Amino acid sequence: MIRSKFKNAQPGRRWRTLLGGLMVAIPICLAGWSGAQDVENEAPSAPRPGHLIRVPLPITSEVASSIEQTLQQLLDESDNVVRNEDRLTVVLEFDTANNKTGRGSQLGSCLELARTMTSNEMNRLRTVAYIPPAMGAKFLDDFEVEEPGSDLMGHAVLVALAANELVVASEASIGQATVDEEKVTNLVREVYREIALRRLTLPAPVVNSMVDANAELFRVNTDNGILYVDGKQLADLESRGQAIETTTLATAGQLARLQGDELDRYGLTRINAENRKDLALALNLQQASLENDPSIGKGWQAVEIRISNNTDQELVDWTIRAIDKQLSEKTANLFVLRVDSEVSDVDACLRLARHLASMDSSEVRTVAFVEGYAKGGAGVIAVTCDHLLMKRESTLGGLFEPPLEDPFRADALEVVDSIARQRSKDTAVAMAMIDPKIDVLRYRQVQTGRVSLLTSDQHDELPMPQDWVLLGTLNTLEGIPAVTAEQLGIARRVINDFDQLKTFYQLQEDPKSIEPTTTDRWVKRVATWLASPFITPWLLFGAVFFISTEMSAPGIGVPGFLGSLCLLLFFWSQHLDGNADWLEMLLFVIGAIFILIELMILPGFGVFGLGGILMVLVSLVLASQTFVIPVNSDEYRHLAYSSLTLVGACAGFGVAMFTLRNVLPHAPILKQVMLQPPKTESLGFEVDSDPESVVHWKHLEGRTGETVTPLVPAGKAKINGRLFDVISDGQLIDKGMKVLVVEVTGNRILVQVAGKAV
């Protein structure tokens, strides 16, 4: 909400104010123009070293103590500098990944750390609090990306305010400092006021609005400049006629929280950085100084992975499992990917790139070494690794066959863009690996001399695109030579061979190579064959056929074993093929339980039966594909193959019913798997074997008999001297119990315990 008030009284004063403003503004504008020319012509100074400290959230006494020790160590190692610009820059990056916000941070620990950071001794360091964008992007399926939020709240805000400078990414936010407090006391207000006045990272009224929900916050344009005030101060300014324009930033009743783009727009922060690379450029720091170093304390544990023309879904599945095993066993912290590929599977490479991007950079470093070509998906892997090293004669990107077509191309570009942003890499270069026809343009910012590689759309979306000068176009159709990639900052270094890579990372031995063994390849091939659309329906056919046969007789026999084996092979093969996961298996198990509840416990056939059948059918379809709802032609075509699983299941049930009734009872060998009624000689009564007698069973209503087998709820009972198949009303009845026939419908005989009220 913006309110403007222009004072119409004293017109002479207005003219004098305008004239005075022009007198001041003209020299400033001229000086600014001259300064801009100087900056444009002046070569930027060499980047200086810095230091990165990750701040885990929430901040506890252990976290605060560890950060204080690190700061003290940096103080001990730093020189007694005289100029502020010569101070060591220490970036405190708040770990807001995975929706961590700082809530639950301890006020005492945060205050102790904040006072340490604002002490006179700490003035020898330049501290920067950085709230990064959300880095934990979630890939919901093959081409759907969900971005979590990145907010700093709770008393962790106090530590950020204690830094010399605050940097907040555009979509990140800071505020709601006392969200964990039931009641904000004067002591808490004074604590925040003390730190705010010591550093002046944010104006005191801004900080107060984050602490006190009853405080208002206004941005007021006055004759003397921009002021940030509360409601009382605003009323005073208005009463004296000094408020020219007023913007409401926070109203009473809720704690203030400001996003990075708001802080930048209102001039509350000087720098807006979306990643560490941008932050290093803005602070004129060496980019390597803001990288995590997983080798500290334990050295490099290197593992080698090869990306070649043979890289396909099968190999990527195995590679991902091997990587996860290395991480779980903590036997690797450096993954070296040796890339030489022109025609690798793009979809498979994107899956591997996504997996590599999801790993914690503080625990693992990924290095791509391009030995020959890195085209298509292999190029995406190369440019999104933490480090990219290239052999002198190698090439990055370029046209590849077959080219991607829409809609897969558009979906793939969206995923590549998300991976590149997550890894703080040039998104334009990464997307050019998938679509070399994309124009990658080189721009230089006039004020800072910073050079960036952007598409025309990305340039137009910049906050001030007019400040960027076009330098030229990067040719990606024929690929980017290694030397050019190094000059543009895409590659970290050009080397001659793998031995130089080992020297660069101080590796004493060759990295351990992880690749599938002969047994692994055979197992995967068998699983792929079983998961093919020609074999899968037969597995389900066999599963339904044998299980239906088994359920016609009590006990676990050969049909039950074979049916269970078919189901096991189905889900095992689909899991190794990358389709079935715990959700599909859970749906199937719960659906089967619901069906058994309907058959064994509840009479009739209702919600549990229908719901169970639906869950089983859905699980079988989902287990045969990697998506939930098809969105492109490839997925619709795959859905048709997945539907064959249902055809196989239904066919198995139909054939089982036909076989049970017409074939098995007369087959010399197969009839052994059928449950046969007890011999009449051992029972002492006649078994009704007349197939037409079912039409005469109505006369059994009201008769009593005795169960020969347990009724669960189906079984056999002796009624009127004969043996009949009967079913109870849902009650489990033991063998030898007296039962009463209460209803006969066709060949269905419903009984209940004799003496029970009807």
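## Two helix pairs and two cores

Helix H5 (residues 186-199) packs with helix H6 (residues 204-211) at an angle of about 150°, and their axes are 10 Å apart. Keep in mind that this is a predicted model. An angle over 145 degrees counts as roughly antiparallel, so that is the label H5 and H6 get relative to each other. The crossing here is right-handed. On the H5 side, the contact is made by Val188, Arg189, Tyr192, Arg193, Ala196 and Leu197, while H6 brings in Ala204, Val207 and Val211. Sort the residues of this contact by type and you get seven nonpolar, no polar and two charged.

Now for the loop between H5 and H6, which is where Leu202 sits. Is Leu202 buried or exposed? Its relative accessibility is 1%, so Leu202 counts as buried. Setting aside residues up to four places away in sequence, Leu202 touches Leu161, Leu166, Ala196, Val207, Met210, Leu263 and Leu268. Two of these names have come up already: Ala196 of H5 and Val207 of H6 are both part of the helix contact. As for Leu268, 66 residues separate it from Leu202 along the chain, yet their C-alpha atoms are 6.6 Å apart.

Further along the chain there's another helix pair, H21 (residues 582-600) and H22 (residues 607-622). Here are both pairs together:

| Helix pair | Angle | Distance between axes |
|---|---|---|
| H5 and H6 | about 150° | 10 Å |
| H21 and H22 | about 155° | 7 Å |

H21 and H22 are therefore roughly antiparallel to each other too, but their crossing is left-handed. Plenty of residues take part: among them, Leu587, Phe588, Phe594 and Ile595 in H21, and Phe608, Ile613, Met615 and Leu620 in H22. By type, the residues of this contact divide into 15 nonpolar, four polar and two charged.

What about the nonpolar cores? The largest one has 61 residues, and Leu337, Leu388, Leu396 and Ile490 are those with the most contacts inside it. Helix H11 (residues 346-357) supplies the largest share of this core, with eight residues. Take Ile490 as an example: leaving aside its neighbours within four places in sequence, it's in contact with Val383, Leu388, Leu396, Val429, Leu453, Leu474, Ile480 and Ala485. There is also a second, separate core of 57 residues, and it includes Leu74, Val90, Leu166 and Tyr266. Leu166 may ring a bell, as one of the residues that Leu202 touches.

Notes:
Residues numbered from 1 in each chain as written. Predicted model: local features only at pLDDT ≥ 70, side-chain atom pairs only at ≥ 80, totals over all residues. Heavy atoms only, no water. Axes fitted to C-alpha atoms, helices over the stretch in contact; angles between N-to-C directions. Helix = DSSP H or I, 4+ residues; strand = E, 2+ residues; numbered from the N terminus. Parallel < 35°, antiparallel > 145°, perpendicular 65-115°, else oblique. Left-handed = near helix turned anticlockwise from the far one by under 90°. Contact = heavy atoms within 4.5 Å. Nonpolar A, V, L, I, M, F, W, Y, C, P; charged D, E, K, R; others polar. Core = buried A, V, L, I, M, F, W, Y, C linked by side-chain atoms within 4.5 Å. Buried < 20%, exposed > 50% of the residue type's maximum accessible area, 1.4 Å probe, protein only.
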